[in-house]
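Here is a short tour of one chain, written for someone who likes to check residues against coordinates. Keep the viewer open as you read.

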Amino acid sequence: MRAYSLLLSSEGITIKAIAKIYHVDRDTVSTWIKKWEQHGDKSLHDQPRSGRPTTLNATEKELAKQYIKEEPRSLKNVVERLAQKTAKRLSISSLKRLAKKARLRWKRVRKSLKSLRDPFAFAQCQRELETLQHQEDQGKIDLYYFDEAGFTLDPYIPYAWQEPGTVIEIPAQKYGRMNVLGFMNRKNDLHPFIFEQSVHTGVVIACFEEFRKTLKKKTVVVMDNATVHTSEEFEECLAKWKKQGLIIKYLSTYSPELNLIEILWRNIKYAWLPFSAYQCLSALREALEHILKNFGS
């Protein structure tokens, strides 16, 4: 490019025109001409530069991205595969920079039930919920979401900001569990129940009976197909509750994301429970009661 620019200049083409031809700044063309006048043909070659040149070419970078996607948990394996394929060994930090440029992010992997469910049943359930939400918006019904969640003394938070040289330590506990059952609507009106005992059908029925006493109009409760929700003992109550204005709407199987209250459980476990809650069972119960009492306020 420099040599051709110099030839054009010798033929009387202006610096502005040359810059336009090669899509560079006019000062760049001017510098090429001055260096030619000062150093001759030496100015046509790049001089040694400080800093390390790019290790991978474009094709090899794409290959590295592919390997990272194939083995997202182990950059060490990616380093070895790249070395075998390209005879070039990158550092872990270089691979991390490459991954970030490819808009990849290091984040928690989630369990998913999507592969187990019927997509047509899921879509149908979505449409039915939208209809119920529309009826709620019109004031025809109240719509609540029901589920249970267990909280143990084994913390759910694997990461935390800590000062250099220090580690936040939580006493190791193997036993102790609090179960929370709750009814929640889209306006964050919550009716929680806390138990230390195991959750069986009798406990679920008791919670529904208490919740039924709060009804002000026809109410639909959305819930999953857990065994304690579909047992013979539970189903015997459905007709009675329906006459009392309480209707159960079962979700399609393997569809936890359709149950609004799942978001609440996730926030409590991974964001809202303080480290002090894991000291003992009474501290866990106290923390849960505080969160549930102040939720939505």
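Let us start with one residue: glutamate 209 touches Lys240 and Trp241, leaving aside residues up to four places away in sequence. Please keep in mind throughout that this is a predicted model. Glutamate 209 sits in helix α8, which covers residues 201–212. Is this glutamate buried or exposed? Its relative accessibility is 18%, and buried means under 20%, so glutamate 209 counts as buried.

**Two nonpolar cores**

Trp241, one of the two partners of glutamate 209, also belongs to a nonpolar core of 19 residues, which includes Tyr144, Val203 and Leu246 as well. That core lies apart from the largest one, which has 32 residues. Which residues have the most contacts inside the largest core? They are Phe151, Leu264, Trp265, Ile268, Leu273, Leu284 and Leu288.

Helices and strands both feed this core. At least two residues each come from helices α7 (119–137), α12 (261–272) and α13 (281–294), and the same holds for strands β1 (142–152), β2 (177–184), β3 (190–195) and β4 (219–223). With five residues, α13 gives the most to the core.

Leucine 284 is a good place to zoom in. Not counting residues up to four places away in sequence, leucine 284 touches Phe151, Thr152, Leu153, Met178, Leu273 and Ala277. Phe151 and Leu273 are, like Leu284 itself, on the list of residues with the most contacts inside the largest core.

**Domains and a helix pair**

Stepping back, the domain assignment of the chain gives domain 1 (1–43), domain 2 (58–102) and domain 3, which is made of 118–158 and 170–294. Taken over C-alpha atoms, the centres of domain 1 and domain 2 are 40 Å apart.

Next comes a helix pair. Helix α4 (residues 58–70) packs against helix α6 (residues 92–101) at an angle of about 90°, and their axes are 10 Å apart. An angle of 65 to 115 degrees counts as roughly perpendicular, so α4 is roughly perpendicular to α6. On the α4 side the contact is made by Lys61, Ala64, Lys65 and Ile68, and on the α6 side by Leu95, Leu98 and Ala99. These contact residues divide into five nonpolar and two charged, with no polar ones.

**Loop residues**

Several loop residues deserve a look of their own. The table gathers their places and relative accessibility.

| Residue | Loop | Relative accessibility | Class |
|---|---|---|---|
| Glutamate 11 | between α1 (2–10) and α2 (15–22) | 61% | exposed |
| Alanine 87 | between α5 (75–86) and α6 | 72% | exposed |
| Alanine 102 | between α6 and α7 | 26% | partly exposed |
| Arginine 103 | between α6 and α7 | 71% | exposed |
| Phenylalanine 275 | between α12 and α13 | 28% | partly exposed |

Which backbone angles in these loops might you want to check? Most residues other than glycine have a negative phi. Alanine 87, however, has a positive phi, near 65°. Arginine 103 is not a glycine either, and its phi is positive at about 65°.

The remaining loop residues come with C-alpha distances. How far apart in space are phenylalanine 275 and isoleucine 168? They are separated by 9.0 Å, C-alpha to C-alpha, with their positions 107 residues apart in sequence. For alanine 102 and lysine 42, which are 60 residues apart along the chain, the C-alpha separation is 38 Å. Glutamate 11 and glutamate 210 are 199 residues apart along the chain, and 95 Å separate their C-alpha atoms.

**Back to the start**

To close, return to glutamate 209 in the viewer: it is in helix α8 and touches Lys240 and Trp241. From Trp241 you can move through the core of 19 residues, and then on to the core of 32 residues, where Leu284 and Leu288 are among those with the most contacts.

Key:
Residues are numbered from 1 along each chain as its sequence is written. This is a predicted model: local features need pLDDT of at least 70, side-chain atom pairs count only at pLDDT 80 or more; totals for chains, interfaces and linings use all residues. Side-chain values use heavy atoms; hydrogens and water are left out. Domain bounds come from an automatic or database domain assignment. Axes are lines fitted to C-alpha atoms, for helices over the stretch in contact, and angles run from 0 to 180 degrees between N-to-C directions. Helices (H or I, at least four residues) and strands (E, at least two) are DSSP runs, numbered from the N terminus. Angles under 35 degrees count as roughly parallel, over 145 as roughly antiparallel, 65 to 115 as roughly perpendicular and the rest as oblique. Contact means heavy atoms within 4.5 Å. Ala, Val, Leu, Ile, Met, Phe, Trp, Tyr, Cys and Pro count as nonpolar, Asp, Glu, Lys and Arg as charged, and the others, Gly among them, as polar. A nonpolar core is a set of buried Ala, Val, Leu, Ile, Met, Phe, Trp, Tyr and Cys residues joined through side-chain atoms within 4.5 Å. Buried means under 20% relative accessible area, exposed over 50%, partly exposed in between (1.4 Å probe, protein chains only).
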